[in-house]
Amino acid sequence: MNRNRRQWCALSLASISLVLSATQAQSDPRPPAPAAAPAEIKEVKIDNFSFSPATLTVAPGTTVKWTNRDDIPHTVVSNDKTTFKSKVLDTDDSFSFTFTTAGTYDYFCSIHPKMTAKVIVQ
Amino acid sequence: MTRKTKDELTVDHNHDGIDRRGFLKCMAWAGTGTLCVMQGGILKSYAFGHTDTLSADAPAGELSFAQISDSHMGFNKPANTDVVSTLKAAIDKINALPQRPEFLLHTGDISHLAKPEEFDSVDQILKSAVAKDVFFVPGEHDVTGDDGKQYLDRYGKGSQGAGWYSFDKKGVHFIGLINVMNLKAGGLGTLGPEQLAWLEKDVQPLGASTPIVLFAHIPLWSVYPEWGWGTEDSAQALALVKRFGSVTVLNGHIHQTMQKVEGSVTFHTAASTAFPQPEPGKADSPGPMKVPAEQLRQLLGITDVNFVRGQHALAIVDSKLG
């Protein structure tokens with residue numbers, strides 16, 4: 001058992017070394033593209049007829065997840081109504097969107113249009 | 001007369017000391033529906049609650065119909081986890097009216113999430129109403145997800161555009177307007193130029209003595225724009241009916257009753273059959289008012305306040321139905 005595990009560990013280490021050396025061999029001097037980084041998830045809470053935080057700043061490649069904690073349904077819709085558009089979110093429903101391009105994304109709740117907020121991607 | 005915004009209606013136009021703020025204080029919790037009686041071309045409304053015992057106090061008039069609103073079928077949270085039974089109670093109340101209403105008006109938010117089964121439930125319950133004709137306009141909850149396609153399939157037969165239409169009953173011209181489509185970020189309810197152009201044509205052949213009833217979900221006057229309780233281009237619609245001697249505007253959306261008179265125009269909002277919402281600005285948000293279960297029906301049924309036209313812009317009479 002112990003011997004087996006040691007062997008497995010040794011093999012794993014060897015594999016990692018191989019992968020690392022392969023990566024190093026292929027790497028160029030530029031930093032890795034953000035898209036290659038593990039996707040980060042930022043949360044926006046919908047409650048009491050508002051988005052919180054109202055302004056969220058994220059890096060490109062970030063996934064934003066909205067969750068409706070209100071007792072009334074809401075939606076998450078970009079102001080242009082095309083970039084992103086959730087279905088109607090009942091209490092505890094969520095919607096996610098991954099922002100790949102830098103920019104300011106204004107959005108609102110299409111049921112209660114006084115509810116507005118933005119995501120800044122930079 | 002002062003104008004704060006382009007569509008904000010007047011303040012104390014009769015110089016009788018009752019301004020908009022004063023008016024807002026007059027509003028009250030109302031019952032689950034409203035009986036509307038057209039008398040001498042003027043519409044009067046009588047709110048009724050669950051607990052009233054109806055009598056023949058309301059005058060007969062030339063035409064009566066009942067308005068219900070905001071049934072929010074599918075809502076199941078405090079303060080009302082049983083919106084089916086409160087809608088049924090409203091229909092029972094309508095069926096018990098001493099004078100049979102000619103028809104029902106439902107001023108929107110029929111459903112909570114625009115699910116087919118929610119519309120089905122409401123349709124099933126409304127079948128028990130003695131008045132067989134029901135006229136609808138959608139609320140924003142009825143058109144989410146599919147831009148109102150399902151609503152139009154179910155209720156939009158013979159309507160124009162996004163679902164607007166008109167019909168005549170006993171010399172009264174009724175106009176159903178849609179102000180819950182294409183809402184813009186930060187904005188209020190919207191009628192849109194296409195609908196306004198239709199409205200202009202629709203009323204063009206009518207004589208100025210024809211009583212007009214406009215009904216739409218979101219109020220066609222600025223009740224509380226901070227919560228979206230108003231319609232951006234309502235002033236344009238009201239300008240198109242300005243020449244008529246009697247104009248009544250019936251709305252829902254705000255889950256409480258309010259009335260006001262503005263020249264020849266009388267505005268009414270109906271209570272919800274489902275759950276109460278706070279008075280404008282009296283809470284952080286317009287979310288459902290949570291009240292203890294044992295108080296819900298009592299709260300929904302405490303109104304005996306009516307507003308009728310008189311010497312002043314607002315004459316409050318206690319013309320309760322019971």
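Helices here are DSSP runs of H or I with at least four residues, strands are runs of E with at least two, and both are numbered from the N terminus. With that in hand, here's a look around this predicted model, starting at a loop glycine.

**A glycine in a chain B loop**

G230(B) sits in the loop that links β8 (212-215) to α6 (234-240) of chain B. Being in a loop doesn't leave G230(B) out in the open: it counts as buried, because 25 C-beta neighbours lie inside 10 Å and the cut-off for buried is 20 or more. One residue to look at next to it is L188(B): the two are 42 residues apart in sequence, yet their C-alpha atoms are 5.8 Å apart in space.

**The two chains**

Chain B has 322 residues, and 48% of them are buried. Its secondary structure adds up to seven helices and 13 strands. Chain A has 122 residues, of which 25% count as buried. Its make-up is one helix and eight strands, and along the sequence the helix is followed by the strands, in the pattern α-β-β-β-β-β-β-β-β.

Here's how the chains look side by side when you take contacts with a separation of 6 or more and ask what share comes from residues 24 or more positions apart.

| Chain | Share of contacts from residues 24 or more positions apart |
|---|---|
| Chain A | 49% |
| Chain B | 72% |

Where the two chains touch, chain B puts in 20 residues and chain A puts in 19 residues. On the chain B side, that breaks down into seven nonpolar, nine polar and four charged residues.

**A helix pair in chain B**

Two packed helices are described by the angle between their axes and the distance between the axes. For α2 (residues 83-95) and α3 (residues 116-126) of chain B, those values are about 30° and 10 Å. Angles under 35 degrees count as roughly parallel, so α2(B) and α3(B) are roughly parallel to each other. The crossing of α2(B) past α3(B) is right-handed. On the α2(B) side the contact uses V84(B), L87(B), K88(B) and I91(B), while α3(B) brings S121(B), V122(B), I125(B) and L126(B). Sorted by class, that contact has six nonpolar, one polar and one charged residues.

Which residues of α3(B) are buried? They are E118(B), F119(B), V122(B) and L126(B). These residues cover an arc of only 95° around the axis, so they end up on the same side of α3(B). Their cover includes α2, β5 (134-136) and α4 (149-155) of chain B. Flip to the face turned away from the buried side and you find the exposed residues P116(B), E117(B) and Q124(B).

**Backbone oddities**

Most residues other than glycine have a negative phi, and most peptide bonds are trans. A few spots in this model go the other way.

In chain A, N48(A) has a positive phi near 55° without being a glycine. N48(A) belongs to the loop between β1 (41-47) and β2 of chain A, and it is partly exposed, with 16 other C-beta atoms within 10 Å. Chain A also has a cis peptide bond between S52(A) and P53(A), with omega about 0°. P53(A) falls in the loop between β2 (50-52) and β3 (55-58) of chain A.

In chain B, H255(B) is not a glycine either, and its phi is positive at about 55°. The loop between β9 (247-251) and β10 (258-262) of chain B holds H255(B). Is H255(B) buried or exposed? H255(B) is buried, with 25 other C-beta atoms within 10 Å.

Notes:
Residues are numbered from 1 along each chain as its sequence is written. Chains are lettered from A and ligands numbered from 1 in the order in which they are written. This is a predicted model: local features need pLDDT of at least 70, side-chain atom pairs count only at pLDDT 80 or more; totals for chains, interfaces and linings use all residues. Axes are lines fitted to C-alpha atoms, for helices over the stretch in contact, and angles run from 0 to 180 degrees between N-to-C directions. Angles under 35 degrees count as roughly parallel, over 145 as roughly antiparallel, 65 to 115 as roughly perpendicular and the rest as oblique. A crossing is left-handed if the near helix is turned anticlockwise from the far one by less than a right angle, and right-handed if clockwise. Two residues are in contact if their C-beta atoms, placed from the backbone, lie within 7 Å. Ala, Val, Leu, Ile, Met, Phe, Trp, Tyr, Cys and Pro count as nonpolar, Asp, Glu, Lys and Arg as charged, and the others, Gly among them, as polar. A residue is buried if 20 or more other C-beta atoms lie within 10 Å of its own, exposed if 12 or fewer, and partly exposed in between; C-beta atoms are placed from the backbone. The arc is that of the directions from the helix axis to the C-beta atoms.
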